[in-house]
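Hello,

Here is the structure I promised to pass on. Have a look at it first, and my notes follow below.

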Amino acid sequence: MKKYSYPWLISVTVSTLLVIFFAMAWSVEIDRETFLNPVVIRGMLYAALALALLIMALFIWLIIRKGVVSNMPPRQLFNAIVGSFVVTFALAMLIQHVILITLTWLQPGEVSTYTAPYQYASGGSRSCSGAYVEEPELQKEIRICYPFGYYPGDNRITIIKRSNALGIVILYAQTSTVDD
(Lines give C-alpha, C1' and ligand atoms only; values in the text may rest on other atoms or scores of the structure.)
Protein backbone atom coordinates (compact mmCIF):
# COMPACT_ATOMS: atom_id res chain seq x y z
CA MET A 1 0.00 0.00 0.00
CA LYS A 2 1.33 3.41 -0.88
CA LYS A 3 1.56 5.91 1.92
CA TYR A 4 -0.46 8.51 0.03
CA SER A 5 -3.40 6.21 -0.79
CA TYR A 6 -6.84 6.27 0.83
CA PRO A 7 -6.74 2.61 1.97
CA TRP A 8 -3.50 3.32 3.84
CA LEU A 9 -4.96 6.47 5.42
CA ILE A 10 -8.15 4.66 6.44
CA SER A 11 -6.25 1.70 7.94
CA VAL A 12 -3.96 4.02 9.94
CA THR A 13 -6.93 6.07 11.15
CA VAL A 14 -8.94 3.00 12.19
CA SER A 15 -5.89 1.45 13.89
CA THR A 16 -5.21 4.64 15.83
CA LEU A 17 -8.84 4.89 16.93
CA LEU A 18 -8.82 1.24 18.04
CA VAL A 19 -5.64 1.75 20.08
CA ILE A 20 -7.18 4.83 21.76
CA PHE A 21 -10.43 2.96 22.45
CA PHE A 22 -8.70 -0.06 23.99
CA ALA A 23 -6.38 2.16 26.06
CA MET A 24 -9.38 4.05 27.47
CA ALA A 25 -11.32 0.83 28.11
CA TRP A 26 -8.29 -0.70 29.85
CA SER A 27 -7.87 2.40 31.98
CA VAL A 28 -11.50 2.43 33.11
CA GLU A 29 -12.20 -1.28 33.45
CA ILE A 30 -8.91 -2.83 34.54
CA ASP A 31 -6.55 -0.19 35.91
CA ARG A 32 -9.00 1.42 38.36
CA GLU A 33 -9.82 -1.81 40.17
CA THR A 34 -6.41 -3.49 40.23
CA PHE A 35 -3.64 -2.75 42.73
CA LEU A 36 -0.11 -4.16 42.74
CA ASN A 37 1.80 -5.47 45.78
CA PRO A 38 4.63 -3.22 47.01
CA VAL A 39 7.16 -5.97 46.22
CA VAL A 40 5.98 -6.12 42.60
CA ILE A 41 6.17 -2.33 42.31
CA ARG A 42 9.71 -2.34 43.70
CA GLY A 43 10.71 -5.07 41.24
CA MET A 44 9.15 -3.09 38.41
CA LEU A 45 11.19 -0.01 39.41
CA TYR A 46 14.43 -2.01 39.59
CA ALA A 47 13.80 -3.66 36.22
CA ALA A 48 13.01 -0.32 34.58
CA LEU A 49 16.11 1.25 36.12
CA ALA A 50 18.32 -1.63 34.95
CA LEU A 51 16.87 -1.48 31.43
CA ALA A 52 17.30 2.30 31.28
CA LEU A 53 20.91 2.07 32.47
CA LEU A 54 21.63 -0.70 29.95
CA ILE A 55 20.17 1.29 27.06
CA MET A 56 21.96 4.45 28.21
CA ALA A 57 25.25 2.53 28.29
CA LEU A 58 24.54 1.18 24.81
CA PHE A 59 23.70 4.71 23.64
CA ILE A 60 26.98 6.06 25.06
CA TRP A 61 28.91 3.21 23.46
CA LEU A 62 27.29 3.90 20.06
CA ILE A 63 27.98 7.63 20.33
CA ILE A 64 31.65 7.01 21.14
CA ARG A 65 31.99 4.30 18.49
CA LYS A 66 30.49 6.44 15.72
CA GLY A 67 32.72 9.37 16.65
CA VAL A 68 29.81 11.70 17.34
CA VAL A 69 31.40 12.82 20.64
CA SER A 70 34.03 14.93 18.90
CA ASN A 71 31.39 16.85 16.93
CA MET A 72 28.97 17.48 19.83
CA PRO A 73 29.21 20.22 22.42
CA PRO A 74 29.38 18.79 25.98
CA ARG A 75 26.00 20.27 26.97
CA GLN A 76 24.24 18.67 24.00
CA LEU A 77 25.95 15.34 24.68
CA PHE A 78 24.86 15.45 28.33
CA ASN A 79 21.27 16.28 27.29
CA ALA A 80 21.22 13.38 24.81
CA ILE A 81 22.49 10.90 27.40
CA VAL A 82 20.14 12.04 30.16
CA GLY A 83 17.24 12.23 27.70
CA SER A 84 17.82 8.66 26.56
CA PHE A 85 17.81 7.52 30.19
CA VAL A 86 14.61 9.39 31.10
CA VAL A 87 12.69 8.31 28.00
CA THR A 88 13.77 4.67 28.35
CA PHE A 89 12.91 4.61 32.06
CA ALA A 90 9.46 6.13 31.44
CA LEU A 91 8.67 3.74 28.58
CA ALA A 92 9.86 0.72 30.56
CA MET A 93 7.70 1.75 33.54
CA LEU A 94 4.65 2.28 31.32
CA ILE A 95 5.00 -1.03 29.50
CA GLN A 96 5.64 -2.97 32.72
CA HIS A 97 2.70 -1.25 34.44
CA VAL A 98 0.29 -2.21 31.67
CA ILE A 99 1.55 -5.80 31.53
CA LEU A 100 1.61 -6.36 35.31
CA ILE A 101 -1.79 -4.76 35.95
CA THR A 102 -3.34 -6.85 33.16
CA LEU A 103 -1.69 -10.06 34.45
CA THR A 104 -2.90 -9.30 37.99
CA TRP A 105 -6.42 -8.74 36.67
CA LEU A 106 -6.38 -11.97 34.60
CA GLN A 107 -4.85 -14.34 37.19
CA PRO A 108 -7.11 -16.33 39.48
CA GLY A 109 -6.72 -15.97 43.19
CA GLU A 110 -8.29 -16.26 46.60
CA VAL A 111 -11.56 -14.34 47.00
CA SER A 112 -12.04 -12.68 50.38
CA THR A 113 -14.29 -10.09 52.02
CA TYR A 114 -13.66 -7.42 54.62
CA THR A 115 -15.40 -4.38 56.04
CA ALA A 116 -13.53 -1.20 56.92
CA PRO A 117 -14.16 2.47 57.60
CA TYR A 118 -13.47 4.85 54.72
CA GLN A 119 -13.26 8.49 53.78
CA TYR A 120 -15.24 9.99 50.93
CA ALA A 121 -13.14 10.93 47.89
CA SER A 122 -14.65 13.48 45.55
CA GLY A 123 -14.07 13.10 41.85
CA GLY A 124 -12.47 15.52 39.46
CA SER A 125 -11.60 15.80 35.82
CA ARG A 126 -8.84 13.17 36.13
CA SER A 127 -10.16 10.99 38.94
CA CYS A 128 -13.30 9.18 39.99
CA SER A 129 -15.38 9.78 43.06
CA GLY A 130 -15.42 7.00 45.59
CA ALA A 131 -13.82 6.00 48.85
CA TYR A 132 -10.35 5.95 50.37
CA VAL A 133 -9.95 2.79 52.43
CA GLU A 134 -7.01 1.17 54.18
CA GLU A 135 -6.17 -2.11 52.42
CA PRO A 136 -4.72 -4.58 54.98
CA GLU A 137 -3.02 -6.87 52.46
CA LEU A 138 -1.22 -4.06 50.63
CA GLN A 139 -0.76 -2.05 53.84
CA LYS A 140 -1.64 1.20 52.13
CA GLU A 141 -4.63 3.40 51.41
CA ILE A 142 -6.38 2.70 48.11
CA ARG A 143 -9.10 4.54 46.21
CA ILE A 144 -12.17 2.53 45.27
CA CYS A 145 -14.06 4.13 42.42
CA TYR A 146 -17.85 4.28 42.41
CA PRO A 147 -18.77 1.78 45.15
CA PHE A 148 -22.43 0.82 45.43
CA GLY A 149 -24.45 2.66 48.04
CA TYR A 150 -24.47 6.27 49.18
CA TYR A 151 -20.75 6.80 49.62
CA PRO A 152 -20.74 10.54 50.43
CA GLY A 153 -22.76 9.94 53.62
CA ASP A 154 -22.12 6.40 54.86
CA ASN A 155 -19.08 5.44 56.91
CA ARG A 156 -18.32 1.73 56.35
CA ILE A 157 -17.53 -0.17 53.19
CA THR A 158 -17.68 -3.89 52.47
CA ILE A 159 -15.14 -5.02 49.89
CA ILE A 160 -14.95 -8.29 47.99
CA LYS A 161 -11.52 -8.74 46.46
CA ARG A 162 -9.44 -11.35 44.65
CA SER A 163 -5.84 -11.69 45.82
CA ASN A 164 -3.01 -13.29 43.90
CA ALA A 165 0.79 -13.17 43.90
CA LEU A 166 0.97 -9.87 42.00
CA GLY A 167 -1.68 -7.89 43.86
CA ILE A 168 -5.43 -7.53 44.37
CA VAL A 169 -8.47 -6.90 42.21
CA ILE A 170 -11.55 -5.25 43.71
CA LEU A 171 -14.54 -7.30 42.58
CA TYR A 172 -17.30 -5.49 44.48
CA ALA A 173 -17.60 -2.70 47.02
CA GLN A 174 -20.69 -1.42 48.86
CA THR A 175 -21.04 1.25 51.50
CA SER A 176 -23.26 1.00 54.54
CA THR A 177 -23.87 2.75 57.83
CA VAL A 178 -22.93 1.30 61.18
CA ASP A 179 -26.61 0.49 61.89
CA ASP A 180 -26.90 -1.97 58.96
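**What I found**

Helix 2, residues 38-66, is 29 residues long and spans 42 Å from its first C-alpha to its last, close to the 42 Å expected at 1.5 Å a residue. Please keep in mind that this is a predicted model.

Which residues of helix 2 are buried? They are V40, M44, A48, A52, M56 and I63. An α-helix has 3.6 residues a turn, so residues three or four places apart point the same way. The cover over the buried residues of helix 2 includes strand 1 and helix 3. Just after helix 2 comes G67, with a positive phi of about 80 degrees.

Helix 3 (residues 74-106) also meets the sheet: this helix lies across strand 1, strand 5 (156-163) and strand 6 (167-176), and runs at about 115 degrees to strand 1.

Now to the sheet itself. It is open, with 6 strands in the order 1-6-5-2-3-4 and antiparallel pairing. Strand 1 (34-36) and strand 4 (140-145) stand at the edges; each has a single partner strand, so one side of each is left without a neighbour in the sheet. On average, neighbouring strands of this sheet are turned by 40 degrees against each other, direction ignored.

At the strand 4 edge, the partner is strand 3 (residues 130-135), and the two pair in the antiparallel sense over 6 bridges. If you want a place to start looking, E135 has K140 in strand 4 as its bridge partner.

Happy to go through any of this with you.

Best wishes

Notes. Residues numbered from 1 in each chain as written. Predicted model: local features only at pLDDT ≥ 70, side-chain atom pairs only at ≥ 80, totals over all residues. Heavy atoms only, no water. Pairing = 2+ DSSP bridges. Helix = DSSP H or I, 4+ residues; strand = E, 2+ residues; numbered from the N terminus. Axes fitted to C-alpha atoms, helices over the stretch in contact; angles between N-to-C directions. Contact = heavy atoms within 4.5 Å. Expected span 1.5 Å × (residues − 1). Buried < 20%, exposed > 50% of the residue type's maximum accessible area, 1.4 Å probe, protein only.
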